[in-house]
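Thanks for making the time this morning. I would like to walk through one structure with you, and I will put it on the screen before I say anything about it.

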Amino acid sequence: MNIPFLGNRHKRAAGALLDADPEGVAELLSECELLRSQAGEAGVRLDDTADSLAALDQLLPRWRDDEETLPWLGNDAGLYLGTVIVRTVEGAGWAFWPGGEPVVRLGSGREFDVVTAGREWAVSGVPELSQWYAEVAEV
């Protein structure tokens, strides 16, 4: 979601959009089209719950063989993890770091870089998405 060629004006606009339409931003970040497509092909329904994260963790990681797909899928996995957190953890919401990277801000004020977590999961499978969720949900 960090798009460097858009420049600082657009990064500031992302924060302003979040302030103006948090539900619209949440909906946009939850699309995760590539991840939803691959999960669907494997018979996994992504219903924005913690159980769906555990189901993703069980998928055979065929995407690791495709260097072009890997970063996009990791990005989607992180945004999906963030979506589940925002929809199920009290007080959690989306925020943007100054560089434009979407993060989840917990009710405690702690921020969690879900995109990096998703990329790590896509590359190695460790830590699992369900483990990230459990760590964040218990805080």
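Let me begin with the term I will lean on: when I say that residues touch or cover one another, I mean a contact, that is, heavy atoms within 4.5 Å. Please also keep in mind that what you see is a predicted model.

First, the overall layout. The protein chain holds seven helices and three strands, and, read from the N terminus, the elements follow the order α-α-α-α-α-β-β-β-α-α. Of its 139 residues, 41% count as buried, and about 7700 Å² of the chain is exposed, with carbon and sulfur atoms supplying 51% of that area. If we take the contacts with a separation of 6 or more, 59% of them come from residues 24 or more positions apart.

Now to the sheet. The three strands make an open sheet in the order 1-2-3, with antiparallel pairing, and its edges are strand 1, residues 93-96, and strand 3, each of which pairs on one side only. Strand 2, residues 102-105, is joined to strand 3 by two bridges, and V104 stands opposite F112 of strand 3. Helix 5 lies across strand 1, strand 2 and strand 3, and its direction makes an angle of about 135° with strand 1.

That brings me to the interior. The largest nonpolar core has 36 residues, and F112 is among those with the most contacts inside it, together with L35, L56, Y80, L81, I85 and V114. At least two residues of this core come from each of helix 2, helix 3, helix 4, helix 5, strand 1, helix 6 and helix 7, and helix 5 gives the most, with eight residues. To take one member of the core in detail, L56 touches L35, A39, L46, Y80, W121 and L129, leaving aside residues up to four places away in sequence.

Which residues of helix 7 are buried? In this helix, which spans residues 129-137, they are L129, W132, Y133 and V136. Viewed down the axis of helix 7, these buried residues fall within an arc of 100°, so they line one face of the helix. What covers them includes helix 4 (50-57), helix 5 (69-88), strand 3 (111-112) and helix 6 (114-124).

Finally, some backbone details that you may want to inspect for yourselves. As background, most residues other than glycine have a negative phi, and most peptide bonds are trans. Against that, V126 and P127 are joined by a cis peptide bond, with omega about -10°, and P127 is found in the loop between helix 6 and helix 7. C32, in the loop between helix 2 and helix 3, has a positive phi of about 45° although it is not a glycine. D48, in the loop between helix 3 and helix 4, also has a positive phi, of about 65°, and is likewise not a glycine.

Are these two residues with positive phi buried or exposed? With a cut-off of under 20% relative accessible area for buried, C32 counts as buried because its value is 4%, and D48 counts as buried because its value is 14%.

I will stop there and take questions.

Key:
Residues are numbered from 1 along each chain as its sequence is written. This is a predicted model: local features need pLDDT of at least 70, side-chain atom pairs count only at pLDDT 80 or more; totals for chains, interfaces and linings use all residues. Side-chain values use heavy atoms; hydrogens and water are left out. Buried means under 20% relative accessible area, exposed over 50%, partly exposed in between (1.4 Å probe, protein chains only). Helices (H or I, at least four residues) and strands (E, at least two) are DSSP runs, numbered from the N terminus. The arc is that of the directions from the helix axis to the C-beta atoms. Two strands pair if DSSP finds at least two bridges between them. Axes are lines fitted to C-alpha atoms, for helices over the stretch in contact, and angles run from 0 to 180 degrees between N-to-C directions. Accessible areas come from the Shrake-Rupley method with a 1.4 Å probe; for residues, only the protein chains shown count as cover. A nonpolar core is a set of buried Ala, Val, Leu, Ile, Met, Phe, Trp, Tyr and Cys residues joined through side-chain atoms within 4.5 Å.
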